[in-house]
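Trainee: Got a minute to go through this one with me?
Mentor: Sure, pull it up and fire away.

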Amino acid sequence: MARNHIRKHIDDHAEQAVLRLQKLCRQPSVSAQGVGLRECAELVRGLMVELGLHAELVSLKEGPPVVYGELRSQSSKRTLVFYNHYDVQPPDPLELWESDPWAAEIREGRVYARGAADNKANIVSRLAAIEAFLKTRGDLPCNIKFVVEGEEETGSPHFAEYIHQERSRLKGEGAIWEFGGLDYGDIPAVTLGLKGMLYVEFCVKTLAKDSHSARAAIVENPAWRLLRALGTLRDERGRVAIEGWYDDVRGFTPEELKALEKEPLQEEQLKSDLGISQFLAGMSGLELKKALAGNPTANIAGFYSGYIGEGHKTVLPAYAKAKMDFRLVPDQDPEALASLLRNHLKQRGFGDIQLAIQSENPAARTPLNSEIARIACDTAHEVFGAEPIVHVSSAGSGPMHLFTHTLKLPTVAIGCNHPYSNTHAPNENQRIDALISGTKWIAAVMERFGGKA
Ligand SMILES: [Zn+2]
């Protein structure tokens with residue numbers, strides 16, 4: 001009965017949630033360009049204060065502020081922490097948008113705007129869940145701490161500093177990550193982890209300046225040298241060929257393997273989307289799902305040397321550069337891997353190659369049998385009437401380890417997202433029905449987490 005009041009409040013105030021989403025979306029907040037960040041942070045803080053949260057902007061040495069809000073429950077001592085971000089990707093290419101990316105136009109039950117789905121709807125949805133409890137009961141079912149950062153889309157460069165600085169007030173028993181919601185077929189999905197990343201730039205310089213390529217007969221070409229070095233890092237099946245790289249890799253538990261087996265993956269659809277005839281090393285089925293969730297990668301993100309303009313230029317380039325992202329899995333340590341990489345190159349006679357580590361993030365994975373994972377799954381069932389899909393890990397990366405490791409908060413990713421929301425792409429949109437059902441899901445999690453339901 002009490003639960004029905006909460007859901008009714010969420011339904012009855014759908015319009016208000018949409019208005020709040022439009023308000024947030026109409027404030028550009030592009031972290032890559034430093035546009036509108038403080039203004040958007042102020043808006044988020046304003047929404048929190050309006051609901052009665054204690055909210056403030058926390059300044060860091062550099063970068064935009066983090067919005068922090070909290071509200072205590074009078075009936076429960078347990079604390080749930082929300083992580084979100086108010087920054088968005090650049091809206092380009094603008095000509096592919098059907099409406100202005102900052103207009104937040106509503107068409108056919110969707111709000112179209114940059115940042116609508118990623119990640120402003122999830123901010124609004126969590127606030128709407130909080131409001132439903134306060135307005136119907138005058139109390140929250142658990143304590144809430146709300147962390148909303150402004151640099152997620154540029155790799156959260158200052159978020160570790162924030163977490164270390166504020167760790168004493170971020171204590172809690174569980175956390176909800178920024179994204180998540182409905183998967184294909186509108187089945188709810190619970191994601192338990194993210195891969196980590198080691199991002200490295202390589203540079204080889206063999207000459208003081210570009211030279212006539214006639215000298216290739218007597219002078220080492222840096223592009224060849226870098227190609228040979230990179231060629232030693234990975235085998236044809238995609239396995240990283242650096243000694244010790246897999247020593248700390250934690251395999252899947254039997255429960256995680258079971259979840260992977262059940263996870264749907266539209267292989268043929270994915271192949272046709274990507275325009276490929278087969279996956280790496282001919283993988284399929286469970287092997288493919290295990291690779292996405294649990295294989296480390298060594299990806300060349302970019303390679304540059306010499307002349308690639310029109311026509312031909314017979315040049316012996318002075319230098320060659322490459323950028324690589326290595327996706328990491330639990331329990332690989334990016335710092336230790338960076339030194340394995342250096343030693344590997346040195347031992348093979350490539351000690352002259354300069355390495356610059358541009359970012360490093362360990363992976364995070366919350367156990368399937370943790371309380372928050374169980375609650376997320378049970379409540380998904382309750383709200384959507386469907387068995388949720390469990391993603392043991394996203395194939396992507398993010399700073400979730402700061403929650404799971406530094407703050408020791410078991411963390412799951414759920415929310416109000418839906419497939420076809422065009423995140424990071426033109427015509428990003430948020431389905432209004434998913435905003436509302438996702439809000440009910442968050443409310444159900446809060447209730448169960450507080451220990452009263
Ligand atoms: Zn994003």
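**Domains and the zinc site**

Mentor: The C-alpha centres of domain 1 and domain 2 lie 37 Å apart, with domain bounds taken from an automatic or database domain assignment. Keep in mind that this is a predicted model, where local features need pLDDT of at least 70, side-chain atom pairs count only at pLDDT 80 or more, and totals for chains, interfaces and linings use all residues. Residues are numbered from 1 along each chain as its sequence is written, and side-chain values use heavy atoms, leaving out hydrogens and water.

Trainee: Which three residues supply 59% of the area that domain 1 buries against domain 2?

Mentor: Together the two domains bury about 510 Å², meaning accessible area (1.4 Å probe) lost on being put together, summed over both parts. On the domain 1 side, the 59% comes from Arg365, Ser397 and His401.

Trainee: Which residues coordinate the zinc ion?

Mentor: Donors are N, O and S atoms within 2.8 Å of the metal (3.2 Å for Na, K and Ca); water is not among the atoms, so sites may look incomplete. Here the distances run from 1.9 to 2.5 Å, and Glu153 gives two OE atoms, alongside OD of Asp118 and NE2 of His424. So the residues are Asp118, Glu153 and His424.

Trainee: Is Asp118 buried or exposed?

Mentor: Buried means under 20% relative accessible area, exposed over 50%, partly exposed in between (1.4 Å probe, protein chains only). His424 has 44%, so it counts as partly exposed. Asp118 has 12% relative accessibility, so Asp118 is buried.
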